[in-house]
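Thank you for making time for this, everyone. I would like to walk you through one structure slowly, starting with the whole chain and then turning to individual places in it.

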Amino acid sequence: MVRKPARSDVKAAASTRKPNMREAILAAAEELFSTYGFNAVSVRDIAQAAGANPGSVTYHFRTKDGLLLEIYRRHCGPMNRRRSELLAAARRVRDLQDRLEAIVRAYVLPAFTSGSDLAGGGTRFTRLRAIMSAEGNEVVRKIIAQTFDDTSHAFIDAIHESLPHIPRTDLVWRSHFLLGALYYTLVTPERVSRLSRGSADGTDAGHAIEELVRATVAALQAAPLDEGAPRKIPAANPGRVVT
């Protein structure tokens with residue numbers, strides 16, 4: 001369960017706010033939403049963290065929904081535009097294998113640079129997106145769809161053009177898995193460093209991008225499920241110890 005922001009947390013956030021009130025409200029809301037979720041944070045919490053009064057929040061954004069939509073717009077507008085530019089270039093690649101890799105890279109790369117010029121950078125917004133997706137709030141679902149669906153359809157269509165023998169539905173699933181991998185890579189890079197016992201640096205964005213591209217391309221090219229019955233896991237032999 002997402003806990004309610006404590007008064008001390010809100011005060012700490014307020015101590016780092018910028019003087020521009022609109023920007024201060026946006027930064028406070030993004031920080032609180034990325035920590036506690038959308039449902040647990042009130043307009044009063046945001047106002048207090050921004051060093052403002054609740055009326056300032058409604059003046060600039062009308063509602064908490066409008067505030068969240070503006071957070072998505074300011075991060076995802078530049079990211080979606082960059083993805084579209086890279087996708088257009090990728091579609092001009094002649095070799096189908098190289099084209100597929102370029103398409104996947106066009107999707108992944110902007111996520112690592114999006115919002116780096118804003119307070120908190122891209123990682124905090126990625127954490128916010130993961131929390132928003134998990135909450136199941138109808139308003140949040142509409143904002144996510146409004147922000148990303150057009151771009152997502154364009155990428156899935158481009159992938160399907162490179163892999164026409166694989167049903168588009170299969171590619172939707174595999175693209176969905178990419179999004180989950182992207183979230184986790186951005187939010188918890190230290191896990192890679194820990195599980196590799198220090199032989200890999202989870203914070204190395206360039207290496208992470210190439211690993212994601214390579215793994216995703218391989219997954220996208222896997223045989224369709226309808227080409228054969230799924231392999232069954234053999235039943236364990238009661239008289240045999242499985243190690």
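Before I point at anything, one term has to be settled, namely that a helix here is a DSSP run of H or I with at least four residues, and that helices are numbered from the N terminus. With that in hand, we can say that Ser 133 lies in helix α7, which covers residues 121-135. Please also keep in mind throughout that what you see is a predicted model.

Let me begin with how confident the prediction is. The protein chain has a mean pLDDT of 85, and 81% of its residues reach 70 or more. Two stretches deserve caution, and one of them is residues 12-18, where pLDDT stays under 50 and where the model has 13 contacts beyond four places in sequence. The other is residues 238-243, where the pLDDT is also below 50, and this stretch has 0 contacts in the model beyond near neighbours in sequence.

Now the overall picture. The secondary structure of the chain consists of 11 helices and 0 strands, so to speak a run of α elements when you read along the sequence. Of the 243 residues in the chain, 39% are buried, and the accessible surface comes to about 14,000 Å², with 55% of that belonging to carbon and sulfur atoms. If we take the contacts with a separation of 6 or more, 74% of them join residues that are 24 or more positions apart.

Let us turn to a pair of helices. Two packed helices are described by the angle between their axes and the distance between the axes. For helix α5, residues 64-90, and helix α8, residues 138-162, the axes come within 9 Å and cross at roughly 5 degrees. Angles under 35 degrees count as roughly parallel, and α5 and α8 are therefore roughly parallel to each other. Among the residues that make this contact are Leu 68, Tyr 72, Asn 80 and Arg 83 from α5, together with Ile 144, Phe 148, Thr 151 and Phe 155 from α8. Sorted by class, the contact of α5 with α8 has 14 nonpolar, 4 polar and 3 charged residues.

Staying with helix α8, I would like to look at two of its residues. Thr 151 is found in this helix, and because its relative accessibility is 11%, Thr 151 counts as buried. Leaving out residues up to four places away in sequence, Thr 151 touches Asn 80 and Arg 83. Ser 162 also has its place in helix α8, and at 6% relative accessibility Ser 162 counts as buried. The residues that Ser 162 touches, with those up to four places away in sequence not counted, are Leu 96, Arg 99, Leu 100 and Ile 103.

Coming back to Ser 133 in α7, is this residue buried, exposed or partly exposed? Its relative accessibility is 42%, so Ser 133 counts as partly exposed. Beyond four places in sequence, Ser 133 touches Ile 144 and Tyr 183, and the C-alpha atoms of Ser 133 and Ile 144, which are 11 residues apart along the chain, are separated by 8.1 Å.

Further along, Gln 221 is found in the segment after α11, a helix that covers 205-220. With a relative accessible area of 33%, Gln 221 is partly exposed. Leaving aside neighbours within four places in sequence, Gln 221 is in contact with Gln 97, Leu 100, Leu 163, Ile 166 and Arg 174. Gln 221 and Leu 171 are 50 residues apart in sequence, while their C-alpha atoms are 9.2 Å apart in space.

Finally, a word on the backbone. Most residues other than glycine have a negative phi. Arg 62, in the loop between α4 and α5, has a positive phi near 70 degrees, and at 72% relative accessibility Arg 62 counts as exposed. Arg 197, in the loop between α10 and α11, has a positive phi of about 55 degrees and, at 81% relative accessibility, also counts as exposed. A glycine comes up as well, since helix α3 is followed by Gly 51, whose phi is positive, near 70 degrees. Within α3 itself, residues 43-50, the buried residues include Asp 45, Ile 46 and Ala 47.

Methods
Residues are numbered from 1 along each chain as its sequence is written. This is a predicted model: local features need pLDDT of at least 70, side-chain atom pairs count only at pLDDT 80 or more; totals for chains, interfaces and linings use all residues. Side-chain values use heavy atoms; hydrogens and water are left out. pLDDT is the predictor's confidence in each residue, from 0 to 100. Contact means heavy atoms within 4.5 Å. Buried means under 20% relative accessible area, exposed over 50%, partly exposed in between (1.4 Å probe, protein chains only). Accessible areas come from the Shrake-Rupley method with a 1.4 Å probe; for residues, only the protein chains shown count as cover. Axes are lines fitted to C-alpha atoms, for helices over the stretch in contact, and angles run from 0 to 180 degrees between N-to-C directions. Angles under 35 degrees count as roughly parallel, over 145 as roughly antiparallel, 65 to 115 as roughly perpendicular and the rest as oblique. Ala, Val, Leu, Ile, Met, Phe, Trp, Tyr, Cys and Pro count as nonpolar, Asp, Glu, Lys and Arg as charged, and the others, Gly among them, as polar.
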